[in-house]
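Hi everyone, thanks for having me. Let's put the model up on the screen and walk through it together.

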Amino acid sequence: MPVLRDAIVRRSLLIVFVIAVMAASALPVRGATQGTSASSAVEGQTPGKFVMRVVTSGLANPFQIIWGPDDYLWVTERTAGRVTRVRPSDGSKTTAIAISDLVADGPGGLLGMALDPGLLKGTGNDYVYVAYTYDADANPATVTRRTKIVRFTYDAHTHVLGNASDIMAGLPAGTDHQGGRLILGPDRKLYFTIGDLGANQLANFCKPDRSQSVPTLAQVKRLARRSAGGAEAADLSLYEGKILRLNLDGSIPSDNPVIAGVRSHIYSYGHRNPQGLVFAPDGKLYESEHGPNTDDEVNLIRAGGNYGWPHVAGYRDDQSYAYANWSASRGVPCASLTFTAYPAIPPSVPVQKESEWNHPDFTPPIQTFHTVPTGYDFKNPKCAERELYYQCWPTVAPSSLAVYTAKNGIPGWNHSLLMPSLKHGTVYRIQLNAAGTAVVGDPDENEHFKTVNRYRDVALDPEGASLFIATDVEGNTQDRSGRPAMRVENPGAILEFRYVRDQSR
Ligand SMILES: [Ca+2]
Ligand SMILES: [Ca+2]
């Protein structure tokens with residue numbers, strides 16, 4: 001009963017909001033200004049409190065943040081193309097590498113990063129894996145923007161990354177919905193998210209969405225020859241809107257799922273803009289992705305699963321979304337049309353209801369942010385100024401995902417997912433059931449982490465006592481009253497929210 005449940009969610013969000021407004025008016029300044037003196041304590045819903053500290057600032061759009069085995073925070077700076085190590089105690093920075101052949105514009109640059117579990121363990125696996133965008137052809141007339149996954153080797157004496165080794169090049173890149181999260185699974189396979197590149201909307205509205213496209217056997221054979229050093233071209237645009245699973249040499253794992261009769265790098269498909277990807281200790285893989293104007297999703301990923309996009313947003317419920325396929329415009333060339341959002345679709349553009357599409361591998365999300373009924377008014381007057389209505393849409397722009405498992409950490413938090421939001425400047429806590437297959441109750445909006453920032457990624461310290469949150473340098477978010485904010489409070493920063501136990505209890 002997703003609609004009913006989301007009606008309840010909306011009502012509870014309203015209640016949370018009212019409580020938050022009442023709480024905000026009763027509290028002193030929340031102290032989210034910059035500088036190490038800017039600590040503040042805000043009573044949370046859990047016993048004890050969180051103390052906020054600005055660890056560092058001046059980072060160039062940090063995209064990935066990881067607590068490393070050297071007790072430094074390892075950060076990718078997307079637009080500067082740097083891997084930077086930040087000492088948590090004083091925020092001092094050390095550049096491990098500035099990547100020379102990287103090109104950063106739009107959503108591109110240095111994206112996800114994974115540390116090999118053998119890093120600094122003396123096993124000879126001092127490897128760091130990153131993904132970044134580059135120009136595959138130096139000729140300006142034929143230049144093609146692509147993404148590649150590269151392995152670097154870390155020198156523990158000089159603290160420098162070097163010895164670049166391409167794992168897989170030629171992957172899709174674009175001007176929107178890049179995805180870009182990279183993780184190393186417990187099976188020592190790389191998992192990499194690629195979005196639909198913004199196909200079928202806005203500036204890319206005549207570009208067909210390929211989230212449902214899967215390669216033929218002949219295409220995979222061409223790809224395998226290319227991976228082995230062959231020059232034969234393979235159309236990797238088929239990897240748009242996918243989660244890929246790769247061997248550490250870039251080849252296709254022999255136990256990858258067979259989809260439509262073909263085994264390729266594709267692990268799951270039908271994804272819109274997947275930016276969150278994380279394994280739980282029990283081996284379950286969770287993902288978060290951006291929906292259109294509704295239905296941001298949290299998914300439990302299974303091999304070969306079809307997550308529905310662009311035929312379905314959120315649940316297959318015909319609520320507030322139908323697939324208008326602009327590039328399939330009949331009788332009128334798509335390029336002569338002007339893009340408009342659903343439901344104001346020109347008659348030449350075919351529109352398919354969610355219920356008109358069915359697929360045996362369709363897998364609905366375990367949580368949406370948020371599902372609203374058809375007829376919902378997307379023009380909230382709170383966002384009427386400068387017509388920034390999208391800022392008030394029932395979405396949160398999930399930028400990442402972490403698993404919280406510290407049994408003796410923050411009370412009540414064990415076995416939950418933490419999801420940072422670009423639009424709301426908070427971290428949602430999503431409680432999982434014991435099996436990890438469903439969400440229990442309503443996600444916690446965590447008002448105690450609220451600042452006027454765009455939260456890009458979150459890392460935890462080994463004790464599970466602190467959340468370290470990386471912020472974008474600019475962009476729209478919401479202020480504390482829920483209205484659009486044009487400026488962020490802490491550009492390019494790492495914020496620490498440290499849990500302090502209540503000693504009086
Ligand atoms: Ca989906
Ligand atoms: Ca739906």
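I'll talk about a metal site, a sheet and some aromatic rings.

A quick note before we start: this is a predicted model, where local features need pLDDT of at least 70, side-chain atom pairs count only at pLDDT 80 or more, and totals for chains, interfaces and linings use all residues. Residues are numbered from 1 along each chain as its sequence is written, chains are lettered from A and ligands numbered from 1 in the order written, and side-chain values use heavy atoms, without hydrogens and water.

So, what coordinates the calcium ion? Glu 297, through OE twice, and Tyr 307, through O, at 2.3 to 2.4 Å. Donors here are N, O and S atoms within 2.8 Å of the metal, or 3.2 Å for Na, K and Ca; water is not among the atoms, so sites may look incomplete. Both Glu 297, at 3% relative accessible area, and Tyr 307, at 1%, are buried (under 20% relative accessible area, with a 1.4 Å probe and protein chains only).

Next, the sheet: it is open, with 4 strands in the order S7-S8-S9-S10 and antiparallel pairing. Strands are DSSP runs of E, at least two residues, numbered from the N terminus, and two of them pair if DSSP finds at least two bridges between them. At the edges are S7 and S10.

Finally, the rings of Tyr 191 and Tyr 267 have centres 5.3 Å apart and planes at 90 degrees, so they are edge-to-face. Rings pair with centres within 6.5 Å, and edge-to-face means planes over 60 degrees apart. Tyr 191 is buried too, at 2%.

Conventions. Buried means under 20% relative accessible area, exposed over 50%, partly exposed in between (1.4 Å probe, protein chains only). Rings of Phe, Tyr and Trp (its six-membered ring) pair if their centres lie within 6.5 Å; planes under 30 degrees apart count as stacked, over 60 as edge-to-face and the rest as tilted.
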